[in-house]
Structures are given as structure tokens and as C-alpha cells.
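Let's take a walk through this structure together, one region at a time. Keep the viewer open as you read, and turn the view whenever a new residue comes up.

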Amino acid sequence: MGVTTVTDVRQTESVVAKLFRSEQGGHEQVVLCQDRVSGLKAVIALHSTALGAALGGTRFFPYASDDEAVEDALNLARGMSYKNALAGLDHGGGKAVIIGDPDIDKTERLLLAYGRFVASLGGRYVTACDVGTYVSDMDVVARENRWTTGRSPENGGAGDSSVLTAFGVFQGMRAAAQVQWGEPSLRGRRVGIAGVGKVGKHLVQHLLDDGAEVVVTDVRAEAVDAITARHPQVSAVSDAEVLIRTPLDVYAPCALGHALNDPTVAALTATVVCGAANNQLAHPGVEKDLADRGILYAPDYVVNAGGVIQVADELHGFDFDRAKAKATKIFDTTLAIFDRAKADGVPPAVAADRLAEQRMADRTPAAEWLRP
Ligand SMILES: NC(=O)c1ccc[n+]([C@@H]2O[C@H](COP(=O)([O-])OP(=O)(O)OC[C@H]3O[C@@H](n4cnc5c(N)ncnc54)[C@H](O)[C@@H]3O)[C@@H](O)[C@H]2O)c1
């Protein structure tokens, strides 16, 4: 018989106990949704509405358990509070997860039922696309409420959010170049992009326009072929492992999360890391290892905020130029984070969290946005 440690207790702790434990983020509200007719089971988590209605996408995923789904919703919602705060949006953080396999369980009836739950929150939660949900799904969800973004242009939406996501990443990279090399340009720099999907392909264009040399990789050969056919000056390597060892000035992870782990950080040749992928740091401490190696890391959730800036604009009648002007500010925000990191003697990822917390704390929780 062993002694029960604090860790053991936490592993067996209920999700409800986790929710109310403040170091888990102190969420404001969690809604469990069930519609027996369509089979919908969903969790809507609102982390904070201090800055305004909680904004964040809807993930459709076959979770192994309901508890896992709640936990994912809680974590993702907290992340959105930080992202929205530093994107300069008057939005708090929220996220929804629908439990199920999108390829099997997604029906119009289920999406409409979900849309009615979003409506029931009366504007406290604004939804959008995420893993497993698409623009066409948001068009359906929007039929039941006024608080759905990520819709198609035909339905008043902004469409593909990767355009401004890539633009924002490019702004973050310019800020990193300013700090590392004294000018906000990638001209003459060698940039390696891992993942040339929706965001990566637009990033290639921005970098070439700026005079950078670009090297790409992707697990899908057709994605690489499309890039090199369009831009013969772009070179390609076999995989991300090879890319990080290739002589680079900038490494841009634009595929999946956890790109920065102990072996990759040790092997990186680049002195700037700036890319679109979410959750790039594989575990706590990686941000310090990067700083110790003199690698300037532009925090992922700051530089990839162009997409959320784009969808947030839909609530005001989408205007691409207005959204782009807001995404341009990612340059200033990234610079401010590097400044704060230097002043506080902490890695940029820590400085970003501090600045986001400051913005949330500075604002008195306002109910104004809820008034009719
Ligand atoms: N699309 C947006 O607006 C947006 C906004 C914020 C964050 N992000 C994040 O940016 C990243 C890219 O998003 P996207 O919309 O371009 O997705 P995408 O699926 O269109 O592109 C990702 C690409 O990465 C490739 N890939 C997957 N694993 C790889 C690996 N191990 N090595 C190399 N390539 C690999 C895929 O084949 C694909 O071409 C994701 O992490 C996403 O969460 C996207």
C-alpha cells in the first residue's frame, strides 16, 4: 500500500473540482449541452469575459472520454483569453468541443442543435471554426444565432482565415528580425517553413516578396510540389528533422503542435523561431532552453492571431482592410513582448503571458457588451 501523494490526489480529482481550482484558470462558466434527438453532446467553456464576449472556435473530436472533452475545452478556452487579449480584441476567451467523430456524427440537425445552445448564452459566447469544423458548418450553426463567425462570404462571413494568419505571422517575424538583426525585414535571410498547408503557402509568398530565401518541407508531397511549381526559387527538404538541421536564420513551424522539444531545440540552427502552429512548446521549460541558446522565440499564440482577428471582425460586418490593419499591429505587440522579456529577464513566452494577464486585469469586468 503506497502513500497518496498530492499528484495522486490530483489525478483522481473530478473535472468539477479542477474547474473551481484557481490555478487551473478559474473559468467563469462551463455549459454541458445534450440534444437527445440529434445525439449532440458538447461542452462550451467560458474562461473569461473580462474583455468582452468569449470568442473561440468549436472543435469536433472523438474524445476517449467525456472528462477528456471537458478538460480540453477548459484548456483551449483559457488559451483563447490570452490570445484575444494580446490580439487587442475586446473579447474574452471561450471554446466549445463537440464530442464525436466529425466524419460520422456531424449532421445538419446536430449543428442546428449546437447553434441553439450557442444562442442560449445570449452573446456571452461567440463561436468559430476549429479542428473538425469548417466554414460550411458555421453557415449551418449561424442559422440559429447571431454569434457565429467563420462563415462563408456568401453568408456575411470572412471565409478562409489563413490569409490573415499568415500575414500576422509575417509581422511577428519582421519584429523578431528587428530585434535580432536591427531591421524589420527578412531580406537576404534564410527561412525554413515546416508545413506548407493553408497558412504556410501564404507565408512563402510574403517572404519571397520581402526578399527572403525560402526552404520548405511537408509530409504531403503534393503540397511541396505545388509550392515549388509556383515558386521555382524555393527549395525543399525531405522532412522537418532535416529542415531544423539545415542552415537557417528563421524556423517557422506551420504544421502541428509540439514542434519545439528537447532534441529539436538542441539541433536548431536558426536564431529566430516564428510560425503559425499552435502549442509549439512541447513542455514547460522549452521556452527557457530556447532563450539560453540565444534563439528568439516569437510566442505562437501572439503571432498566429490574424485568424481570430479576421473572424472577430465579422461581428461588425466583415471589412478585410479593417481586419488587416488590426493584424498589422501584431508587429508592435511582438516587439512589446520582446521588450518586456528583456526588461523582466524572462523568455518571451513568459512575457507574453504577463502582458495578456495585465490587459485582462486592467479592464474592469464590463457588462456593457451584454446590454441590448
Ligand atoms: N488556419 C488558420 O487560420 C490558423 C490560425 C491559427 C493557427 N493555425 C495553426 O497553424 C498550423 C497550420 O494551419 P493550416 O490551417 O495551414 O493547416 P493545414 O492543415 O492546411 O496545413 C498544415 C500542413 O502541415 C503539414 N504537416 C503535417 N505534419 C507535418 C510534419 N510532421 N512535417 C511537415 N509538415 C507537416 C500538412 O501536410 C499540411 O500541409 C496549425 O497548427 C494550426 O492550428 C492556423
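Which residue does UniProt list for "active site" in its unreviewed entry? The record gives K95. Bear in mind as we go that this is a predicted model. K95 sits in strand β5, which spans residues 92-99. With a relative accessible area of 7%, the K95 residue falls under the 20% limit and therefore counts as buried. If you set aside neighbours within four places in sequence, K95 still touches a good list of residues, among them V43, I44 and A45, the pair G56 and G57, and also Y125 and D130. A73, L76, A77 and M80 are in contact with K95 too.

M80 makes a handy bridge to our next stop, since L55 is also in contact with M80. L55 belongs to strand β3, and its relative accessibility of 1% is under 20%, so L55 is buried. Try drawing a C-alpha to C-alpha distance from L55 to G94: the two are 39 residues apart in sequence, yet 5.2 Å apart in space. G94 also appears among the contacts of L55, along with G92, G93, V126, T127 and T149. Two further contacts of L55 are V308 and A312, and they lead us to a helix.

That helix is α14, covering residues 306-313. How many of its residues are buried? The count is 8 of 8, and V308 and A312 are included. The cover over these buried residues includes strand β3 (54-55), and also the helices α3 (66-86), α7, α15 (320-328) and α16 (330-344). This fits with the contacts that L55 makes with V308 and A312.

T127, which we met as a contact of L55, also touches T148. T148 is in the loop between α6 (135-141) and α7. Is T148 buried or exposed? At 2% relative accessibility, T148 is under the 20% limit and so is buried. Its side chain forms a polar contact of 2.7 Å with the side chain of N145. Beyond its sequence neighbours, T148 is also in contact with M138, V141, A142 and E314.

Now let's move to the region marked in the record as a binding site. The unreviewed UniProt entry places this annotation on G195, V196, G197, K198, V199 and G200. Two of these residues make a nice contrast. V196 lies in the loop between β7 (190-194) and α8 (198-209), while K198 is in helix α8. V196 has a relative accessible area of 4%, under 20%, and is therefore buried. K198 reaches 56%, over the 50% mark, so K198 is exposed. Leaving out close sequence neighbours, V196 contacts residues including K201, V204, V216, D218, R220 and I227, whereas K198 contacts D160 and S162.

The ligand ties several of these names together. Of the 17 residues around the ligand, the ones that come nearest are T165, V199, D218, R220 and A255. D218 and R220 were also among the contacts of V196, and V199 is part of the annotated binding site. By class, the shell is made of 7 nonpolar, 7 polar and 3 charged residues.

Where do oxygen atoms of the ligand meet polar atoms of the protein? A backbone N or O atom of K198 lies 2.9 Å from a ligand oxygen, and a backbone N or O atom of A276 lies 3.2 Å from a ligand oxygen. From N278, a polar side-chain atom lies 3.1 Å from an oxygen atom of the ligand. On its own the ligand has 820 Å² of accessible area, and the protein covers 74% of it. The elements that give two or more residues to the shell are α7 (162-181) and α8.

Before you close the viewer, have a look at two backbone angles. H258 is a residue other than glycine with a positive phi, near 60 degrees. H258 lies in the loop between β10 (250-253) and α11 (262-267). A relative accessible area of 46% makes H258 partly exposed. N279 likewise has a positive phi, near 50 degrees, and is in the loop between β11 (272-273) and α12 (286-292).

Definitions and conventions
Residues numbered from 1 in each chain as written. Predicted model: local features only at pLDDT ≥ 70, side-chain atom pairs only at ≥ 80, totals over all residues. Heavy atoms only, no water. UniProt positions renumbered as here; feature names shortened; annotations may be inferred. Helix = DSSP H or I, 4+ residues; strand = E, 2+ residues; numbered from the N terminus. Buried < 20%, exposed > 50% of the residue type's maximum accessible area, 1.4 Å probe, protein only. Contact = heavy atoms within 4.5 Å. Near = heavy atom within 4 Å. Polar contact = N/O pair within 3.5 Å; in protein donor to acceptor, adjacent residues only side chain to side chain. Areas by Shrake-Rupley, 256 points an atom, 1.4 Å probe, with all protein chains shown as cover. Nonpolar A, V, L, I, M, F, W, Y, C, P; charged D, E, K, R; others polar.
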